[in-house]
Amino acid sequence: MEAARLLEVMGGEVKVFDPRDLPLPDSEPDTHPKVRELRSLAEWAEGMVWCSPERHGAMTGIMKAQIDWIPLAIGAVRPTQGKTLAVMEVSGGSQSFNAVNQMRILGRWMRMITIPNQSSVAKAFLEFDDVGRMKPSSYYERVVDVMEELFKFTFLTRDVSPYLVDRYSERRESAEELSKRVNQKAI
């Protein structure tokens, strides 16, 4: 929520997905209301912030389930390709980067433009006040830095992301499919 507040102050339009009631991947059809909501937000977004607690040295299962429900392709549309991504984590103990590293790999796998900066908040129970706002600290300043960078990368890549993610192999495959369809010997 702190990231959302910062992005709104910077001029961004923000929507937050609440994963409550999201089923485990493949346990329900993709017509489930929470799956449809998540996919709709993924298609809508120009950029995303993925933030997970680190639990047992990894991102949470809830975070992974959200990512797993976002398909690599819906028909001919790749809902994440070319979109910007910021990754952040909170930890109950010492600072770690396991969750952000895992999310960074997944973002790259989903052909997202994952920004270089990231945030890892150690001992998160000390970093938030009673109403859930981050206290002033170097951790808060890092979150601001990450959101600024996400905003800038999103703005800079807004009109060029189709060019940045254009791939020879996909153009070639499309041409081959077209050729098969058009140059049929018999129907």
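In the predicted model, the largest nonpolar core comprises 22 residues, of which Met48, Trp50, Met59, Ile67 and Met103 touch the most other members. Helices H2, H3 and H4 and strands E1 and E3 each contribute at least two residues to this core. A second core of 13 residues is separate from it and includes Leu7, Ala86, Met88 and Val143. In soluble globular proteins, nonpolar side chains tend to be buried together.

Met59, one of the highly connected members of the larger core, was examined for its contacts beyond neighbours within four places in sequence. These partners are Ser52, Pro53, Lys64, Ile67, Ala99, Gln102, Met103 and Leu106. Two of the residues named here, Ile67 and Met103, are also listed with Met59 among those touching the most other core members. Helix H3, residues 61-69, has Met63, Ala65, Gln66, Ile67 and Trp69 buried. The cover over these buried residues includes helix H2 (33-44), strand E1 (47-55), strand E2 (58-59) and helix H4 (98-109).

At the level of the whole chain, seven helices and five strands are present. Their order along the sequence is α-α-β-β-α-β-α-β-β-α-α-α. The C-alpha trace spans about 70 × 40 × 25 Å along its principal axes. The chain has 187 residues, and 39% of them count as buried. Among contacts with a sequence separation of 6 or more, 71% are between residues 24 or more positions apart. The exposed area of the chain is about 11,600 Å², with carbon and sulfur atoms supplying 54% of it. There are 25 positive and 27 negative side chains, and the centres of these two sets are 5 Å apart.

Individual positions in the loops and in helix H6 were considered next. Ser161 belongs to helix H6, which covers residues 161-164. With a relative accessible area of 13%, Ser161 is classed as buried, because this value is under 20%. Its side chain reaches the backbone oxygen of Gly82 at 3.5 Å. Val160 is located in the loop between helix H5 (138-157) and H6. The relative accessible area of Val160 is 36%, so this residue is partly exposed. Val160 and Trp44 are 116 residues apart along the chain, and their C-alpha atoms are separated by 17 Å.

A second serine, Ser94, lies in the loop between strand E3 (84-90) and H4. Ser94 has a relative accessible area of 60% and is therefore exposed, the threshold being over 50%. The C-alpha atoms of Ser94 and Ala124 are 9.4 Å apart, while the two residues are 30 positions apart in sequence.

Positive phi values were found at two residues that are not glycine, Asp21 and Arg111. For Asp21, phi is about 75°. Asp21 is placed in the loop between helix H1 (2-9) and H2, and its relative accessible area of 67% makes it exposed. For Arg111, phi is about 60°. Arg111 sits in the loop between H4 and strand E4 (113-114).

Terms used: Residues are numbered from 1 along each chain as its sequence is written. This is a predicted model: local features need pLDDT of at least 70, side-chain atom pairs count only at pLDDT 80 or more; totals for chains, interfaces and linings use all residues. Side-chain values use heavy atoms; hydrogens and water are left out. Helices (H or I, at least four residues) and strands (E, at least two) are DSSP runs, numbered from the N terminus. Buried means under 20% relative accessible area, exposed over 50%, partly exposed in between (1.4 Å probe, protein chains only). A polar contact is a pair of N or O atoms within 3.5 Å; within protein, one must be able to donate a hydrogen and the other to accept it, and residues adjacent in sequence count only if both atoms are side-chain atoms. Contact means heavy atoms within 4.5 Å. Accessible areas come from the Shrake-Rupley method with a 1.4 Å probe; for residues, only the protein chains shown count as cover. Lys and Arg count as positive and Asp and Glu as negative; His and the chain ends are not counted. The place of a charge is taken as NZ of Lys, CZ of Arg, CG of Asp or CD of Glu. A nonpolar core is a set of buried Ala, Val, Leu, Ile, Met, Phe, Trp, Tyr and Cys residues joined through side-chain atoms within 4.5 Å.
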